[in-house]
Amino acid sequence: QMEPPHVFVVFGASGDLAKKKIYPTLWWLYRDGLLPKVVYFIGYARSDLSIEALVKHFEPNCKVKDGEKEQFTEFVKKCTYVMGAYDKPEGFEKLDSVIAELEQKYNGPANRLYYLALPPNVFAPVTSQIKEHCMAGSGGWTRIIIEKPFGRDTATSAELSNHLASLFHEDQIYRIDHYLGKEMVQNLMVLRFGNRLFGPSWNRDHIASVTISFKEPFGTQGRGGYFDEFGILRDVMQNHLMQILTLVAMEKPASLNAEDIRDEKVKVLKSIRPVRVDDVVLGQYVGDPNGKDEDARQGYLDDPTVPKGSTTATYALAVLNVNNERWDGVPFFLRCGKALNERKAEVRVQFREVPGDIYPSGALKRTELVIRVQPNEAVYIKLMTKRPGMGFDVEETELDLSYNSRYTDVRLPDAYERLILEVFCGSQINFVRTDELDYAWKIFTPLLDQIEKEKIPPIEYVYGSRGPREGDELMQKHGFVFTG
Ligand code: BG6
């Protein structure tokens, strides 16, 4: 029995995502010997390109080291290119015939992975063509990988989901949310369900609030055209932050099986009522005249790719309530923004005050558990200890598991490496199921509609700041204590 060939097809092979992320990721997985023995990579796009030209295009992002040149050449030999349109059969028939040749050579059906590194307006035609012309024969499998945007609200997302469901089974559809591929996001379940310490206190009796933050220290950087159509709520909050929220809030799944986990995530989403406009602060950055570089001096509206007078939010804070027995009344703060003071993504669990405090008033600070997703992955607990020495004073300190000091010789894989490998392996744990996507949209769609209808203006904040003051104020109003 020969090993079956695996064929990974990159649609949109000449585009930015393919060049920056997908091909480099395939190379790293190949280099590290993680892919199936027999594997081929086919690029597909509309441009008339030679394979050499395509390789030239992505090679600089592959960071090929000196000792790897030979292996890279071997990788390149597995790459081919097919030119074709996204909505006409000819290109897809050609693609299928290229795969069929490999199947002949290996005397059996190929397993096929189709990655749509494409703008969303061609998701539908491309998937229809795949279904029509490029499905694996019996004995082989076909998997489709797509990336957001999955629509822009409940209705448009459902339209895409229904289209996909008319062509493929759920277990063939891999919706990427690359935050699920990040090391510390994957660690959330282990921390919660692998430690007796957290389980008993992981509820409304002990936790005062949960804050999930995403901050970037740069603006739209030429992506204004895309960004303005979606805004920060759709670009980051509805997907990346909600995914993290479900992992923090969900009940322990019956097993580590993808369906069991996703069932629990869906239950959390079903328990969250749609966000109301009063529970949100929206912001849009303006340039800082004293900014350190050109980017910092540019406001969102100065980006030439952003439509004049746009009211799209580049910052958002939302307060959500998970209306179930474990969480009711505990505010979940989701906060995300561009052009802020730092790059950071983290989960901050703030515990309640100690009842019956015997220490001098105000000496005890709330315990906090922080899971820092990036940069510098870490888990740390801010807690009170006795200040060392003769006295009996208390002070706040940290139990700190910083990955760069604890795991000095481990390279943390990029989110895409892990997720693409998981598609090869057929594991859907870290991919978004159709119903999950739908419920996540339902939480935000009424708000998005209202913002659009009433043209709710965002609050200005200065590039490089913490975002609008009103954000911090809303958190405080809901009981968050800034410990500094
Ligand atoms: C993407 C958003 O999904 O995530 C971008 O579209 C954002 O706007 C990016 O910059 C952040 O990803 P990361 O992995 O750099 O934190």
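Here is a short chat about Glu-147 and Asn-430 in a predicted model. Local features need pLDDT of at least 70 and side-chain atom pairs pLDDT 80 or more, while totals for chains, interfaces and linings use all residues. Residues are numbered from 1 along each chain as its sequence is written, and side-chain values use heavy atoms, leaving out hydrogens and water.

Visitor: Which side chain of opposite charge is nearest to Glu-147?
Guide: Lys and Arg count as positive, Asp and Glu as negative, with His and the chain ends not counted. A salt bridge takes a side-chain nitrogen of Lys or Arg within 4 Å of a carboxyl oxygen of Asp or Glu. Glu-147 is buried (under 20% relative accessible area, 1.4 Å probe, protein chains only) and has no salt bridge. At 6.2 Å, the nearest candidate is Lys-148.

Visitor: OK, so which side chains make polar contacts with Glu-147?
Guide: A polar contact is a pair of N or O atoms within 3.5 Å, where one must be able to donate a hydrogen and the other to accept it within protein; residues adjacent in sequence count only through side-chain atoms on both sides. One such contact, of 2.7 Å, goes to Tyr-416. Another, of 2.5 Å, goes to Tyr-115.

Visitor: Is Asn-430 buried or exposed?
Guide: Asn-430 lies in the loop between helix H12 (415–425) and helix H13 (434–453). Its relative accessible area is 13%, so Asn-430 counts as buried.

Visitor: Which side chain shares a polar contact of 3.0 Å with Asn-430?
Guide: Leaving out residues up to four places away in sequence, Asn-430 touches (heavy atoms within 4.5 Å) Leu-180, Gln-186, Leu-419 and Glu-422. The polar contact of 3.0 Å is with Glu-422.

Technical notes: Buried means under 20% relative accessible area, exposed over 50%, partly exposed in between (1.4 Å probe, protein chains only). Helices (H or I, at least four residues) and strands (E, at least two) are DSSP runs, numbered from the N terminus.
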